[in-house]
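Work through these exercises with the sequence and the model side by side. Try each task before you read its solution.

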Amino acid sequence: MIRRTLLAALASLALAGAADAQTLRIGLREDPDILDPTLARTFVGRIVFATLCDKLFDINERLEIVPQLASGHAWEDPKTLRITLREGVRFHDGEPMDAEAVRYSLNRHLTLSGSFRRSEIGAMESAEVVDPRTLRIRLKVPSSPFLSQLTDRAGMIVSPKAAEAAGRNFGNAPVCAGPYRLVERVAQDRIVVERFDGYWDAARIHIPRITFLPIPDSTVRLANLQSGALEVVQTIEPDDMKAVQANRRLRVAAYDELGYQSIVFNIGNGPRANAGIARDPRLRAAFELAIDRDAVNQVVYEGAYTPTAQPIPPGNPYHVPAFRPEGRDLARARALLREAGVTAPVPVEMTVPNSPDLRQAGEVIQAMVQEAGFALKLNTMEFASSLQAANRGEFETYLVAWSGRVDPDGNTWTFLHSQGGQNDGKYANPEVDRLLDAARTETDVAARRALYGRIFEIALRQDRSRIILWHRKNIVAHTSRLSGFVPVADGLIRPQGLRLN
């Protein structure tokens with residue numbers, strides 16, 4: 001089956017390549033969800049957005065926050081942020097990207113039904129237009145992570161005219177101020193963008209067209225890259241790195257990401273939260289104690305990833321060194337099941353995105369927890385569909401990754417706070433909410449780190465709301481004909497400076 005899929009993909013992409021040698025073809029590990037920055041959620045969608053929708057701010061390879069659509073900023077006081085904008089920026093529809101457009105977009109992120117940005121910038125009280133190039137944002141309380149939130153989709157500015165005309169359908173034809181404009185999307189097949197000649201930084205955009213191709217099978221993605229049917233693969237598996245390095249026509253960049261892989265428990269989101277594992281943290285503790293993170297990492301990823309128990313990676317100043325994974329302990333796991341009064345095998349279902357590495361990871365975890373007394377059933381789904389199902393509460397446990405953010409708030413609040421936009425399991429603990437809110441306003445590094453340590457002890461160790469498994473690596477492979485690629489720990493493929501030689 002894989003061979004037939006591979007041959008079909010190679011034939012299709014080879015024809016596309018012959019038709020347009022000036023197209024950069026990027027293989028994605030899955031199809032993005034909606035292309036509306038307010039409603040979007042997938043990591044691969046962020047890669048597409050890097051071509052379509054510029055942000056107020058971006059991050060560079062040193063993880064510094066740098067202006068993009070903004071030209072600068074200043075805190076007038078701890079609750080008042082003044083942002084100045086670049087001159088002469090226009091949206092793809094020709095409308096001006098001005099302070100009113102920024103005000104509109106921020107308010108849209110806060111008020112649109114289903115927004116995943118609301119919990120990211122919820123500290124915002126108001127946005128005021130000072131003049132066409134100046135905006136003043138007033139916060140309800142001081143917010144340490146607020147500026148960093150504007151380096152991702154919360155900072156993407158949309159055309160008010162286009163957004164008002166399209167309403168909930170804006171994601172079908174997004175109009176932003178990025179270097180490319182959307183010309184075609186065929187679900188599960190391709191997304192095509194073309195260079196926007198009116199882009200404010202046009203001198204750094206050298207490739208006329210980019211085609212994104214979702215290819216969930218890592219073997220097929222790599223084969224397409226090796227054959228020349230793709231110029232870039234968004235990610236390859238660690239065990240494929242040697243093959244790429246041995247090919248003189250290819251290059252590979254491997255670097256630590258900002259995020260993590262996790263297992264989410266549905267504790268309070270609809271009828272599926274009535275499963276036994278949802279009702280008793282002892283069962284969730286037993287489930288975690290049955291997993292050997294190091295062994296999964298070795299079997300599936302050749303030891304390339306970093307096992308962890310917390311959502312903040314080791315290189316981050318807010319990482320809590322004392323909060324480490326517990327070792328696998330089957331005796332304790334079985335004792336917890338007896339203490340909880342359940343009879344083995346305990347049935348559990350885990351939703352797993354349909355990619356080969358995650359299917360394999362799910363199978364290894366399945367075998368491990370079986371030894372402790374769990375009967376784990378794997379439910380594989382297309383990734384964007386799995387996110388939608390999780391949001392609706394249609395899961396018991398969910399093996400899902402987060403690409404990560406520079407500020408630790410972006411790796412914690414939205415998942416652990418009762419009002420978090422991506423708290424799919426609907427975990428709620430008033431003390432955790434209080435501590436998360438306090439961490440948002442704390443500016444001292446040591447004090448803020450201590451708050452996160454307490455959050456992890458309650459939410460992850462006491463309540464077992466989710467299991468943080470490992471920090472991954474971004475492993476981008478591309479043709480040697482491509483130059484100008486700059487690895488940044490968020491894993492995005494930024495088009496600025498890219499050339500095909």
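**Exercise 1. Two helices**

Are helix 9 and helix 11 roughly parallel or roughly antiparallel to each other? Keep in mind that this is a predicted model.

Solution. Start by finding the two elements: helix 9 covers residues 281-289 and helix 11 covers residues 330-339. Next, take the angle. The two helices pack at about 165°, and their axes are 8 Å apart. Now apply the cut-off: angles over 145 degrees count as roughly antiparallel. Helix 9 and helix 11 are therefore roughly antiparallel to each other. Last, add the handedness: the crossing of helix 9 past helix 11 is left-handed.

**Exercise 2. The contact between them**

List the residues of helix 9 and helix 11 that meet, and sort them by class.

Solution. Take helix 9 to begin with. Its side of the contact has Arg282, Leu283, Ala285, Ala286 and Leu289. Then take helix 11. Here the partners are Arg332, Ala333, Leu336, Leu337 and Glu339. Now sort by class: the contact of helix 9 with helix 11 has seven nonpolar residues, three charged ones and no polar ones.

**Exercise 3. How enclosed is helix 9?**

Decide how many of the nine residues of helix 9 are buried.

Solution. Use the cut-off: buried means under 20% relative accessible area. The residues of helix 9 that pass are Leu283, Arg284, Ala285, Ala286, Phe287, Glu288 and Leu289. Now count: seven of the nine are buried, so helix 9 is largely enclosed by the rest of the structure.

**Exercise 4. The disulfide**

Find the disulfide and describe its geometry and its place in the chain.

Solution. The structure holds one disulfide. It joins Cys53 to Cys176, with an S to S distance of 2.1 Å. Check the torsion: about the S-S bond of Cys53 and Cys176 it is about 55°, so the disulfide is right-handed. Then place the ends. Cys53 is in the loop between helix 2 (43-52) and strand 2 (57-59). Cys176 is in the loop between helix 5 (160-166) and strand 8 (180-186). The two are 123 residues apart, and the pair links distant parts of the chain. Finish with exposure: both Cys53 and Cys176 are buried.

**Exercise 5. Two lysines**

Locate Lys79 and Lys473, then give the exposure class of each.

Solution. Lys79 sits in the loop between strand 4 (70-77) and strand 5 (80-85). Its relative accessibility is 37%, so Lys79 counts as partly exposed. Beyond its sequence neighbours within four places, Lys79 contacts Ile137, Arg138, Leu139, Lys140, Val141 and Pro142.

Lys473 lies in strand 19 (residues 473-479). With 27% relative accessibility, Lys473 counts as partly exposed. Its contacts outside four places in sequence include Ala304. Check the distance: Lys473 and Ala304 are 169 residues apart in sequence, yet 7.5 Å apart from C-alpha to C-alpha.

**Exercise 6. A leucine in a strand**

Is Leu399 buried or exposed, and which residues does it contact?

Solution. Find Leu399 in strand 17 (residues 397-402). Its relative accessible area is 0%, so Leu399 is buried. Then look for partners, leaving aside neighbours within four places in sequence. Among the contacts of Leu399 are Gln261, Ile263, Met350, Val352, Leu358 and Leu469.

Technical notes:
Residues are numbered from 1 along each chain as its sequence is written. This is a predicted model: local features need pLDDT of at least 70, side-chain atom pairs count only at pLDDT 80 or more; totals for chains, interfaces and linings use all residues. Side-chain values use heavy atoms; hydrogens and water are left out. Axes are lines fitted to C-alpha atoms, for helices over the stretch in contact, and angles run from 0 to 180 degrees between N-to-C directions. Helices (H or I, at least four residues) and strands (E, at least two) are DSSP runs, numbered from the N terminus. Angles under 35 degrees count as roughly parallel, over 145 as roughly antiparallel, 65 to 115 as roughly perpendicular and the rest as oblique. A crossing is left-handed if the near helix is turned anticlockwise from the far one by less than a right angle, and right-handed if clockwise. Contact means heavy atoms within 4.5 Å. Ala, Val, Leu, Ile, Met, Phe, Trp, Tyr, Cys and Pro count as nonpolar, Asp, Glu, Lys and Arg as charged, and the others, Gly among them, as polar. Buried means under 20% relative accessible area, exposed over 50%, partly exposed in between (1.4 Å probe, protein chains only). A disulfide is a pair of cysteine sulfur atoms within 2.5 Å.
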